[in-house]
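Student: I should like to request a close look at a single part of this model, with its surroundings described in one connected account.

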Amino acid sequence: MTQQSEINGPWSLHFDRDGTEDIAIIGDADGEDLVRSRHFWLPEGDDEVSPTLAAMRVMVAAPKLLEALQALAEQADQDCPGEYRSRHFDDALELANTVIAEATGRAA
């Protein structure tokens, strides 16, 4: 059994059954496997989401999260001059720029 998620991104998330356990597979835009998870069970009903499944979902969402973070950081510089920012805002923006730099390999 394979279940394709609708993520509308450059990556796809598939779930395959291996006996009685599930495996999550992240594939690239060409359908090549990038990451295979360890075995877990897909939640049913009110079951908790396993850490493995949660991690796979975050990996799939990561490109969109990075894109959104970059857009927010750029817009913050345009919409909110430094003299009007709170210390918390500055700290959050600094953290965002650090994360962007780590993810893209560019200087902060």
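Which residue in β4 does Ile-26 stand opposite?

Tutor: The residue opposite Ile-26 in β4 is Val-35. The model is a predicted one, and the following account starts from this pair and works outwards.

Strand β4 covers residues 33-36 and is joined to β3 by 3 bridges, the two strands running antiparallel. Besides the pairing of Ile-26 with Val-35, Ile-25 has Arg-36 of β4 as its bridge partner. The two strands form a hairpin with 5 residues between them, and in this hairpin Gly-31 adopts a positive phi near 85 degrees.

Strand β3 itself comprises residues 21-27, and 6 of its 7 residues are buried, so the strand is largely enclosed by the rest of the structure. The cut-off behind that statement is a relative accessible area under 20%. For the protein as a whole, 25% of the 108 residues count as buried.

β3 is also paired with strand β2, residues 12-18, through 7 bridges, and these two strands again run antiparallel. Within this pairing, Asp-18 has Glu-21 of β3 as its bridge partner, while Asp-16 stands opposite Ile-23 in β3. β2 and β3 form a hairpin as well, with 2 residues between the strands; Gly-19, in the turn, has a positive phi of about 70 degrees.

The chain beyond β4 comes back into contact with this hairpin. His-39 is located in the loop that lies between β4 and α1. Leaving aside residues up to four places away in sequence, His-39 touches Asp-18, Glu-21, Asp-22 and Ile-23. Two of these contacts, Asp-18 and Glu-21, are the bridge partners described above, and Ile-23 is the residue that Asp-16 faces. The C-alpha atoms of His-39 and Asp-16 are separated by 9.9 Å, with their positions 23 residues apart along the chain. His-39 counts as partly exposed, because its relative accessibility is 38% and that class lies between the limits of 20% and 50%.

Helix α1, residues 51-79, follows that loop. Leu-53 lies in this helix and is buried, with a relative accessible area of 0%. Its contacts, again not counting residues up to four places away in sequence, are Phe-15, Phe-40, Leu-42 and Pro-43. Phe-15 falls within the range of β2, residues 12-18. Lys-64 is found in α1 too, but is partly exposed, with a relative accessible area of 41%. The C-alpha atoms of Lys-64 and Phe-15, which are 49 residues apart along the chain, lie 21 Å from each other. Between Leu-53 and Ala-73, 20 residues apart in the chain, the C-alpha separation is 29 Å.

The wider setting may now be added. The protein has 2 helices and 4 strands, and from the N terminus on these elements run β-β-β-β-α-α. Its radius of gyration is 18 Å, well over the 13 Å that the globule rule gives for 108 residues, so the protein is more spread out than a compact globule. The C-alpha trace spans about 60 × 35 × 20 Å along the principal axes. Among contacts between residues at least 6 apart in sequence, 28% join residues at least 24 apart.

As to the surface and charge, the accessible surface comes to about 7700 Å², and 52% of it belongs to carbon and sulfur atoms. There are 8 positive and 22 negative side chains, with the centres of the two sets 2 Å apart.

To return to the part requested, Ile-26 and Val-35 stand opposite each other in an antiparallel pair of strands, and β3 is largely enclosed by the rest of the structure, since 6 of its 7 residues are buried.

How values were computed. Residues are numbered from 1 along each chain as its sequence is written. This is a predicted model: local features need pLDDT of at least 70, side-chain atom pairs count only at pLDDT 80 or more; totals for chains, interfaces and linings use all residues. Side-chain values use heavy atoms; hydrogens and water are left out. The radius of gyration is taken over C-alpha atoms; the globule rule is 2.2 Å times the number of residues to the power 0.38. Buried means under 20% relative accessible area, exposed over 50%, partly exposed in between (1.4 Å probe, protein chains only). Contact means heavy atoms within 4.5 Å. Accessible areas come from the Shrake-Rupley method with a 1.4 Å probe; for residues, only the protein chains shown count as cover. Lys and Arg count as positive and Asp and Glu as negative; His and the chain ends are not counted. The place of a charge is taken as NZ of Lys, CZ of Arg, CG of Asp or CD of Glu. Two strands pair if DSSP finds at least two bridges between them.
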